[in-house]
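Hello,

Here is the structure we spoke about. Please have it open while you read; my notes follow.

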Amino acid sequence: MKKFLLRTTVATTAVLALAGCSSSSSDSAAGGSSEGGADTRGPITFAMGKNDTDKVTPIIEKWNEQHPDEKVTLKELAGEADAQRETLVQSLQAGSDDYDVMALDVVWTAEFAANQWLQPLNGDFETNTDELLPATVESATYNDVLYALPQNTNGQLLFRNTELTDKAPEKFEDLKSACKALDKGKDCLTTQFKQYEGLALNTADFMEGWGGSVLDKDGNVTVDSKEAKDGLQAMVDAYKEETISKDSTAATEEETNMAFTEGKTAFAMNWPYMYSNAVDAGVDVEVQAPLGKDGVGVSTLGGYNNGININSKNKGTAFDFMKFIINEDNQKSFAEQSFPPVLASIYDDPQLQQEFPYLPALKESLENAAPRPVSPFYSAISKAIQDNAYAALTDGKSVDDATADMKAAIESASQG
């Protein structure tokens, strides 16, 4: 299994400046705000982006039936991630307790923790995370302190149309070989190379899959290491050789979905939701974990982490509600809705595997996954990767120049 790298900081001094003072992380980790302790109970609110609230609404209803004096009120946020974040940040900056529990995109955890907006989950709030997928716990950890509980996750899969290519490749070079045997008019691999977040994720996947990283475990920018360069070079070469389809530079997840379900491409990298679409479209589909240089590759992690507002007056209820979401029954309900759970045992359920044959491959993908860089400056990191990877793919920019410019832009952003 790939060793997980804990990316907890980028430019530690800048993080601390954002948090307010050099001792803030340790002070916050020591116990959080006095607004409410683990024994404070009562009604709470749960804030989450409206796109996925249908998955948690039945869980909230079940909780409310069992806890009539500690009811949870769902507060739906906007569908767009940036708008969700803006709403939460404005409320937290004002010291409001409007939201007790917040469903956070995994990339926000570091920023919210650095600003002391989240109750650290230690001391009276400590909980056992041994049964959760390790990469999901890593995504909720900042400066070696758990600041949120993973709620759901997501990992990429390599989809294969078995009518176009019958053998599962074991490493990326095998996939390239399979492409040469395809009938004319069929693309080999379609993925997301349009200039948006999807390109940043796929670029990071290639870098990690060749042994590199965007940041190292200490938060240093390593996007220009030999291994990271090798990964980006493999990606660029595969595109130029048309192992990766030319259409990929205009593809988001949905264009990838259409190409695969319409039988235009033999392979596709996408999220698990595409499996049922392919089956419904009559595609004979099989899936596996992503591929890297020497075997199983690396998927970037998606999903939500649930954090407690440091200003909440009913933190005991908030904490118990977060744990309730990740019990076996509720995590199983997520799997039944193709909303990947964080409880590892769910992926081994024979009944669920029969209904959702992609679960074993998804578990392998998640066990080898890497969180996106845990940094208050993630948006700048993503843009630096997108801009320069796209130029390397489409404008002939060299990998050396692309990675050097990525590094310069990331370091500039982290220095304010």
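Phe-46 stands opposite Val-101 in β3. Please keep in mind that this is a predicted model. The strands concerned are β1, residues 44-49, and β3, residues 101-105. They run parallel, and two bridges join them.

Helix α12, residues 315-325, packs on the sheet. The helix touches β1, β2, β3, β6 and β11, the last of these being residues 302-308. The direction of α12 makes about 155° with that of β11.

Now the sheet itself. It is open and has five strands. Their order is β2-β1-β3-β11-β6, with mixed pairing. Which strands stand at the edges? They are β2 (72-77) and β6 (149-154). Each has a single partner strand, so one side of each is left without a neighbour in the sheet.

Next, the aromatics. Phe-46 comes back here: it forms one aromatic cluster with Trp-63, Phe-321 and Phe-324. Across the whole structure, a search finds 15 aromatic pairs. There is also a charge over a ring. Lys-246 lies over the face of Tyr-239, at 4.1 Å from the ring centre.

Two single residues are worth a look.

Ser-139

- Ser-139 lies in helix α6, which covers residues 134-139.
- Is this residue buried or exposed? Ser-139 has a relative accessible area of 3%, and the limit for buried is under 20%, so Ser-139 counts as buried.
- Its side chain reaches the backbone oxygen of Thr-136, at 2.7 Å.
- Leaving aside neighbours within four places in sequence, Ser-139 is in contact with Val-106, Thr-109, Leu-301, Asn-305 and Pro-371.

Ala-228

- Ala-228 is found in helix α9, residues 226-240.
- Ala-228 is buried too, with a relative accessible area of 0%.
- What does Ala-228 touch, not counting residues up to four places away in sequence? The answer is Met-207, Gly-212, Ser-213, Thr-222 and Val-223.
- Gln-156 is 72 residues from Ala-228 along the chain, and 20 Å separates their C-alpha atoms.

To find your way back to the main points: start at the five-strand sheet, then turn to α12 packed on it. After that, go to the cluster that holds Phe-46. Finish with the two buried residues, Ser-139 and Ala-228.

Best wishes

Conventions: Residues are numbered from 1 along each chain as its sequence is written. This is a predicted model: local features need pLDDT of at least 70, side-chain atom pairs count only at pLDDT 80 or more; totals for chains, interfaces and linings use all residues. Side-chain values use heavy atoms; hydrogens and water are left out. Two strands pair if DSSP finds at least two bridges between them. Helices (H or I, at least four residues) and strands (E, at least two) are DSSP runs, numbered from the N terminus. Contact means heavy atoms within 4.5 Å. Axes are lines fitted to C-alpha atoms, for helices over the stretch in contact, and angles run from 0 to 180 degrees between N-to-C directions. Buried means under 20% relative accessible area, exposed over 50%, partly exposed in between (1.4 Å probe, protein chains only). A polar contact is a pair of N or O atoms within 3.5 Å; within protein, one must be able to donate a hydrogen and the other to accept it, and residues adjacent in sequence count only if both atoms are side-chain atoms. Rings of Phe, Tyr and Trp (its six-membered ring) pair if their centres lie within 6.5 Å; planes under 30 degrees apart count as stacked, over 60 as edge-to-face and the rest as tilted. A charge sits over a ring if NZ of Lys or CZ of Arg is within 6 Å of the ring centre and within 35 degrees of the ring normal.
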